Amino acid sequence: MSEAVASPLLLEDGRGIPRSLPLLAALVEAEARSCAAAAANASESRPADSGLARAFLCCCATTTASRSAESNLVRSFRGGAAPKVPIRIFLERIHLLTRSVPSARGMVRIDGTCFVLAGIYLTRFIRSAAGRDAGILVEPATVHRLVAVAVLLAAKFGGHPPKKWTRVFQDSSEGAIRAEEMVGLESSFLRAIDFRLSVDSAGFDSFCKVLERGPRAPSAGGGCASKKRQADGAAGEDGERRRVRARLPLPAVVLSN
């Protein structure tokens, strides 16, 4: 993966913010808005296709909503309070605050590679068997904690081993994410992805392209199946799921060697 670090997404602006940061924020914010819009419309069964179908599993089965409320995994990532800070600001705060935190190798400096890795890990989590069984989605109630853990793991695996900087997430979320939450969330995330943190050069480059393309504008119809279409039977639902899966990216984005 270290050979795939020539991407322009890793270039930084005058404040030291890598280009990959706002691009990742745009993707996850689009997905969270899509989920929120679908949830607000009682006649829709799943989020609209915001363009993140190319990266995250943004569709869910019609039974997901009932399972989500009972899932410990969903409950843990929803936490006690949902941060109000926008994802881009949240990530920028994490990026800037970690510069003042000591690590095993001196000062931690999260670079653009970490935000690409974070996106890949988040993809793996949402697509994992545990994530799909739980019905967990990138939604307003979960997005900050999901992104926080993905960035934490990316910093560790990407060569920036932090040393007790979980409080950064508490400060960046204005206290909504408690520092003591992070250990349990990290453990749940790792188990869900079966500890698969390796990313090859092809997978890294492929996700860079996903970030470059960004979210698609939702279609006029929202791309959501209505309750009336749910009643058409299992055959119609299976056909719709196959069409959604056809829009997902190649496995190289989410699979390691």
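**Exercise 1. Which residue caps the N-terminal end of helix 5, and what span should helix 5 have at 1.5 Å a residue?**

Solution. The structure is a predicted model, and the cap is found by looking for a side-chain oxygen placed against a backbone nitrogen at the start of the helix. Asp111 fills this role, with a side-chain oxygen 3.1 Å from the backbone nitrogen of Thr113. For the span, helix 5 covers residues 112-127, which is 16 residues, and because the expected span is 1.5 Å times one less than the number of residues, a value of 22 Å should result. The end C-alpha atoms of helix 5 are 23 Å apart, which agrees with that expectation. As a last step, consider the surroundings of helix 5, which is mostly covered, with 16 of its 16 residues buried.

**Exercise 2. Determine how helix 5 and helix 10 are oriented to each other, and describe the residues where they meet.**

Solution. Begin with the axes: those of helix 5 and helix 10 (residues 201-213) are 10 Å apart, and the two helices pack at an angle of about 90 degrees. Angles of 65 to 115 degrees count as roughly perpendicular, and helix 5 and helix 10 are therefore assigned to that class. Next, list the partners: helix 5 contributes Thr113, Val116, Leu117, Gly119, Ile120 and Thr123, while helix 10 contributes Gly203, Phe204, Phe207, Cys208 and Leu211. Sorted by class, this contact has seven nonpolar, four polar and no charged residues.

**Exercise 3. Carry out the analysis for helix 7 and helix 9, and then place Glu186 within the result.**

Solution. The axes of helix 7 (residues 143-157) and helix 9 come within 10 Å and cross at roughly 80 degrees, so this pair, too, is roughly perpendicular. By class, their contact has ten nonpolar, no polar and four charged residues. Among the residues of helix 7 in this contact are Arg145, Val149 and Lys156, and those of helix 9 include Glu181, Glu186 and Phe189. Turning to Glu186, which is found in helix 9 (residues 181-192), one sees a relative accessible area of 13%; because buried means under 20%, Glu186 is buried. Leaving aside residues up to four places away in sequence, Glu186 touches Val149, Leu152, Leu153 and Lys156. With Lys156 there is also a polar contact between the side chains, at 2.7 Å.

**Exercise 4. Is Ile94 buried or exposed, and which residues does it touch beyond four places in sequence?**

Solution. Ile94 is found in helix 4 (residues 87-97), and at 0% relative accessibility it counts as buried. The residues that Ile94 touches, once those up to four places away are set aside, are Ile110, Val151, Trp165, Val168, Phe169 and Ser172. Taking one of these, Trp165 is 71 residues from Ile94 in sequence, yet their C-alpha atoms are 9.9 Å apart in space. For the chain as a whole, residues 24 or more positions apart account for 81% of the contacts with a separation of 6 or more.

**Exercise 5. Where do Glu174 and Asp194 lie, and what is the sign of phi at each?**

Solution. Glu174 lies in the loop between helix 8 (167-172) and helix 9, whereas Asp194 lies in the loop between helix 9 and helix 10. Although Glu174 is not a glycine, its phi is positive, at about 60 degrees, and Asp194, likewise not a glycine, has a positive phi of about 60 degrees. The relative accessible area of Glu174 is 57%, which makes it exposed, and Asp194 also counts as exposed at 57% relative accessibility.

Note on methods
Residues are numbered from 1 along each chain as its sequence is written. This is a predicted model: local features need pLDDT of at least 70, side-chain atom pairs count only at pLDDT 80 or more; totals for chains, interfaces and linings use all residues. Side-chain values use heavy atoms; hydrogens and water are left out. Helices (H or I, at least four residues) and strands (E, at least two) are DSSP runs, numbered from the N terminus. Buried means under 20% relative accessible area, exposed over 50%, partly exposed in between (1.4 Å probe, protein chains only). A polar contact is a pair of N or O atoms within 3.5 Å; within protein, one must be able to donate a hydrogen and the other to accept it, and residues adjacent in sequence count only if both atoms are side-chain atoms. Contact means heavy atoms within 4.5 Å. Axes are lines fitted to C-alpha atoms, for helices over the stretch in contact, and angles run from 0 to 180 degrees between N-to-C directions. Angles under 35 degrees count as roughly parallel, over 145 as roughly antiparallel, 65 to 115 as roughly perpendicular and the rest as oblique. Ala, Val, Leu, Ile, Met, Phe, Trp, Tyr, Cys and Pro count as nonpolar, Asp, Glu, Lys and Arg as charged, and the others, Gly among them, as polar.
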